[in-house]
Amino acid sequence: MRIKKFKILGLISAIAAMAQMPAQAAEGMWMPQQLPQIASGLRAAGLKIEPSRLSQLTEFPMGAVVSLGGCTASFVSPQGLIVTNHHCAYGSIQYNTSAQRDLLKDGFLAASLTEELPAEPGSRVYVTVAVTDVSAQVLDRKVQALRGKARFDAIEAIQKRLTADCEADAGHRCEVSSFYGGSQYQLIKQLELRDIRLVHAPALGVGLFGGDADNWMWPRHTGDYSFYRAYVGPDGRPADFSPDNKPFEPKHHLKLARQPLKEGDFVMVAGYPGHTNRHRLPAEVDFTFSEWQPSHIRLMGEQLALIKAATAGRRDAEIALADRVAGISNGHKNMQGQQASFERSDILARKSQGFADLKRWVAADAGRQARYGADLAQVERLLAQRQEIVRAELLLDYVAPQLLDTARSLYQHAQQQALPDAQRKPGFQARDSLAFSQSLETLQRRYDEPVDQGLSAHFFAQYLALPAAQLNQPLLAALGLQPGMIEAAIKARLSPIYSGSQLQQQTERMAWLTRDVAAFKASDDSLIKAAVALYADDETREARDKELSGQIGQAYAGTMRALIAYKASQGEVVYPDANSTLRVAYGHVQGRKGAVDGADWQAFTTLRGIAAKHTGEGEFNAPAPQLAAIKARQFDDYKVASLDSVPVNFLATLDTTGGNSGSPVLNDRAELVGLLFDGTLDSVIDSWDFDAKRSRSICLDARYMLWQMKVVDKAERLLREMKVL
């Protein structure tokens, strides 16, 4: 599920998704601690282990499931071996790739521990060890009496204090997450493993077979898997990379299933889904699908076309931009699928009717009106204010040179370092310093100046064509631009700004980490000067957004409390919207009758489909050794008689979204049977409106992964480690 995350500036995430709980419902991304409450539904669906075991975060199987900070993964050996999706490890594969050693194209297999490669800088593995409700601490009486930015700042200060206290336990990363519209907060404590190494990735013609053409499509034949390993210091504690480090020994790891998987079988996923929006208010739904998303679809399409043209014939540039292109392409197609589904649906009408019903329910009782009425009246007015800002500033996400944003972050870093750590902004505290410096290192292999100049000039031409009153004058002044300038003139003006900076050089970027505010103000570096000139405006706009977000947050929380109470009055069970915290979803292996194209979708695809799709070019270029093994019917122990082949991918009625990529798919005994990696194109709207009849997640069948590793890639060392051989 290769979703690039986009945020509508300052909008508060939707908080609660409401669900009836029929015996075998597929809907629901449940918090582990909620699972005992739905135990009867899990048992009826086919779960064989005791449901309460799934709520124990440090026990099997949940103790084996980890976050990569955007994807999910799981331990599959006592030596810290981790399996996830190929597209989740794509950045590390790209980072270790060069024109001379093309790991993207050819794949990678470490023959021993010493040959395992450091993952891209900033790579982390997070193991959840505790979840604590801290609502009373965050929403104390003082906070409840505040409004706007004061409320926003007070909540942020409490979150930072709770986080700092939690992280006094060295080696852990802690976050305070918001649930139910900011009416509930939980402190999430995770072990943070920092030495992560790439162990194995199949060739591109396996891991990304079908590419963007097949992305979000069925039938699918993609070997979307790769392996990392987590390391710790000689003392067994989290540590930065060192040759002296040793493999991490997790308390629990998943075992590969021995029982064959078939259609109708119970399956579940445990993972870290990003965000769902199932209870956005009607005004938010309307704005997203009528304005915000169509605009981004157009702009992302232009990005992709420009990058393709600018990197044509330049393999080094293609490699440098590969990870970015994959993210943009995935997000672009995802939004297109959402838009198409929305336009043929009645989602907005149903959302509007539901919100009207809620307001009538509140108005029908004086007590409810006193508790919820003011927030319901405020929330839509405040959201309209935010939408005006988003509408005016939408292009600002596309116009700025990449290194100008880097310079702005560096100057913000210098400003924040002058403050006590507790007073610094999130992202610039001591706890963030390593990740920040590693992001600066990673840029060295993710940047191409001709592409960046072309993108900036192209989008600035659109921005400068807007009414002058709508333009950000400090930005124009800092870069010497004028309203109405055409693309050629913009390029001519930006060229000396690019050439007048040394931030392209890694040593210079890293040096700015230790320089103070005075050094920035005295610098003649063109991009540093621009960042200094923009600082006051950046701060003003940030304060504006916090003031409005604080107001929206308060009204939204009250609105969600009203919604929860309303649904409870109807006997409905509530689970919170996904917010990148650990969740469990369950369903069944199941095809689909009469899908989008009118054809029936079978539950499994097979190796035959790879050979049939192979063209030898582009996205359908399977490796020759794999094709030879398929032709020779070298199925080993992984053949399924009813399929007369090895299963490759399968469909399941699992409730998932971005962030679930790499999530282990488990059978009724919590054994690993696959990896979730995608959904069907007409299902991507599920983040807004779930449809159990239509929704399907696409999963890698573990038998295909094992077949490829054993028969084609000869990865016997890893198979023995996982106790498969």
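Student: Which residues lie nearest the centre of the second largest pocket, and how many residues line it?

Tutor: In this predicted model, the lining of the second largest pocket comprises 30 residues, and Tyr-90, Leu-204, Leu-208, Arg-315 and Glu-619 lie nearest its centre. Two or more lining residues come from each of helix 3 (103-106), helix 7 (204-207), helix 8 (211-214), helix 9 (282-311) and helix 10 (315-343). Helix 10 gives the largest share, nine residues. The volume of this pocket is about 1000 Å³.

Student: Why is helix 2 (residues 86-95) described as largely enclosed by the rest of the structure?

Tutor: A residue is called buried when its relative accessible area is under 20%. In helix 2, 10 of the 10 residues are buried, so the helix is largely enclosed by the rest of the structure. Among them are His-86, His-87, Cys-88 and Tyr-90. Tyr-90 is also one of the residues nearest the centre of the second largest pocket.

Student: Why is Glu-192 called buried?

Tutor: The cut-off is under 20% relative accessible area. Glu-192 has 12%, and therefore counts as buried. Its place is in strand 9.

Student: What makes the approach of Glu-192 to Arg-124 a polar contact?

Tutor: The limit for the pair of N or O atoms is 3.5 Å, and one atom must be able to donate a hydrogen and the other to accept it. The side chains of Glu-192 and Arg-124 are joined at 3.1 Å, so the contact falls within that limit.

Student: How do you know that strand 8 (residues 172-179) and strand 9 (residues 184-193) pair?

Tutor: Pairing requires at least two bridges. Strand 8 and strand 9 share eight bridges in the antiparallel sense, and therefore they pair. Cys-174 stands opposite Lys-189 in strand 9. The two strands form a hairpin with four residues between them, and Tyr-180 in the turn has a positive phi of about 50°. Strand 8 is mostly covered, with six of its eight residues buried.

Student: What makes strand 13 (residues 266-271) mostly covered?

Tutor: Six of its six residues are buried. Phe-266, Met-268 and Ala-270 point one way, whereas Val-267, Val-269 and Gly-271 point the other way, and all are buried. Ala-270 has 2% relative accessibility, so it meets the cut-off of under 20%.

Student: Which strands pair with strand 13, and how do you know?

Tutor: The criterion is again at least two bridges. Six bridges join strand 13 to strand 15 (residues 583-588), running antiparallel. Strand 18 (residues 664-666) pairs with strand 13 in the antiparallel sense over two bridges, so the requirement of at least two is met. Val-269 has Ala-585 as its bridge partner in strand 15 and Val-665 as its bridge partner in strand 18.

Student: What is the span of helix 21 (residues 526-569) against the expected value, and where does the helix bend?

Tutor: Helix 21 has 44 residues and reaches 61 Å from its first C-alpha to its last, close to the 64 Å expected at 1.5 Å a residue. The helix bends by about 45° at Leu-534.

Student: What is found at the start of helix 21, and what follows the helix?

Tutor: At the start, a side-chain oxygen of Asp-525 reaches to within 3.1 Å of the backbone nitrogen of Leu-527. Gly-571, whose phi is positive, near 80°, follows helix 21.

Methods: Residues numbered from 1 in each chain as written. Predicted model: local features only at pLDDT ≥ 70, side-chain atom pairs only at ≥ 80, totals over all residues. Heavy atoms only, no water. Buried < 20%, exposed > 50% of the residue type's maximum accessible area, 1.4 Å probe, protein only. Expected span 1.5 Å × (residues − 1). Bend = angle between axes of the 7 residues up to and from the residue. 1 Å grid on protein atoms, 1.4 Å probe; cavity = no way out; pocket = protein on both sides within 12 Å on 5 of 7 lines; lining within 4 Å. Points joined across faces, edges and corners; volume = space filled by probe spheres on them.
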